Amino acid sequence: MLTELKKFEHEVAEQKAALKNKKNQLNDIQQTEDLIQYNSKKIDLEKQSIEYQAFIDETEITSNKREAAIMQESLAYASKEASAIKAELNEEMVSVKELERIVSEMRRQIAEKDKENSRILVNLKEISQKLSANYKDNMHCCCCLLYTSDAADDMQCVDLGGRRIIKKKKK
């Protein structure tokens, strides 16, 4: 009986060891399942994070495309405005060049008139000298050239200094 009891105790000890071994295996399995569950949640969170980052990147790309389109439209508008301003400046430059040409032509005409007036004055002096030599005894002749400014040429009357000739308006 003692042997049977020892045998039984030995069997119980083996079963306890086997049970303890199975319990350890069960704990290992539970820990592995917990680790798998943790890693699965971690993977899900990373997947969500990647999806969220992809959404943000896609939104940012769309926003950047819109900004690029707006900038392109702004650039096109600015280019049109610059072209219009350039055209206006070219027209003004042509106008300025035309005005410069007109002023130059007027100066040339004035110079020609001055030369012509100088010749006329010389001719008048010569005529005056001839007349005075011919009619010296009988007549006293004197020529006086009346010179007026351009401003006086534009008016209908000439200021001879002192008094003004005022024309009355007819009713």
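**Charge and exposure along helix H1**

Trainee: Why is Glu92 called partly exposed?

Mentor: Glu92 has a relative accessible area of 47%. Buried means under 20%, exposed means over 50%, and partly exposed is what lies in between (1.4 Å probe, protein chains only). The value of 47% falls in between, so Glu92 is partly exposed.

Trainee: What kind of model is this, and which pLDDT limits apply?

Mentor: This is a predicted model, in which local features need pLDDT of at least 70 and side-chain atom pairs count only at pLDDT 80 or more, while totals for chains, interfaces and linings use all residues. Residues are numbered from 1 along each chain as its sequence is written, and side-chain values use heavy atoms, with hydrogens and water left out.

Trainee: How many helices and strands does the protein chain have?

Mentor: The protein chain has two helices and zero strands. Both kinds of element are DSSP runs numbered from the N terminus, helices being H or I of at least four residues and strands E of at least two. Helix H1 spans residues 2-134, and Glu92 lies in helix H1.

Trainee: What makes Glu81, Glu88, Glu91 and Glu92 a patch of negative charge?

Mentor: Asp and Glu count as negative and Lys and Arg as positive, with His and the chain ends not counted. A patch takes residues with over 30% relative accessible area and no salt bridge; like charges are joined within 9 Å, nonpolar side chains (Val, Leu, Ile, Met, Phe, Trp, Tyr) within 5 Å. The place of a charge is NZ of Lys, CZ of Arg, CG of Asp or CD of Glu. Glu92, at 47%, is over the 30% limit.

Trainee: How do you know that Glu98 and Arg101 form a salt bridge?

Mentor: A salt bridge needs a side-chain nitrogen of Lys or Arg within 4 Å of a carboxyl oxygen of Asp or Glu. The N to O distance for Glu98 and Arg101 is 2.6 Å, so the pair qualifies. Both residues lie in helix H1, three residues apart, about one turn of the helix. Glu98 is partly exposed at 35%, as is Arg101 at 47%.

Trainee: What joins Glu105, Arg108 and Glu112 into one network?

Mentor: Glu105 and Arg108 have their closest N and O atoms 2.2 Å apart, and Arg108 meets Glu112 at 2.2 Å, N to O. Each distance is within 4 Å, so each pair is a salt bridge. Arg108 and Glu112 are four residues apart in helix H1, about one turn. Salt bridges that share partners therefore join Glu105, Arg108 and Glu112 into one network. A search of the whole structure finds three salt bridges.

Trainee: Why does Glu105 count as partly exposed?

Mentor: Glu105 has 28% relative accessibility, which is in between the limits for buried and exposed, so Glu105 counts as partly exposed.

Trainee: Which residues make the nonpolar surface patch?

Mentor: Ile120, Leu124, Ile127 and Leu131 make this patch of about 300 Å². Ile120 is at 40% relative accessibility, so Ile120 passes the patch limit for accessible area.

Trainee: What is the accessible surface of the protein chain?

Mentor: The accessible surface comes to about 17,100 Å², of which 57% belongs to carbon and sulfur atoms. Areas come from the Shrake-Rupley method with a 1.4 Å probe; for residues, only the protein chains shown count as cover. Buried residues make up 1% of the 171 residues.
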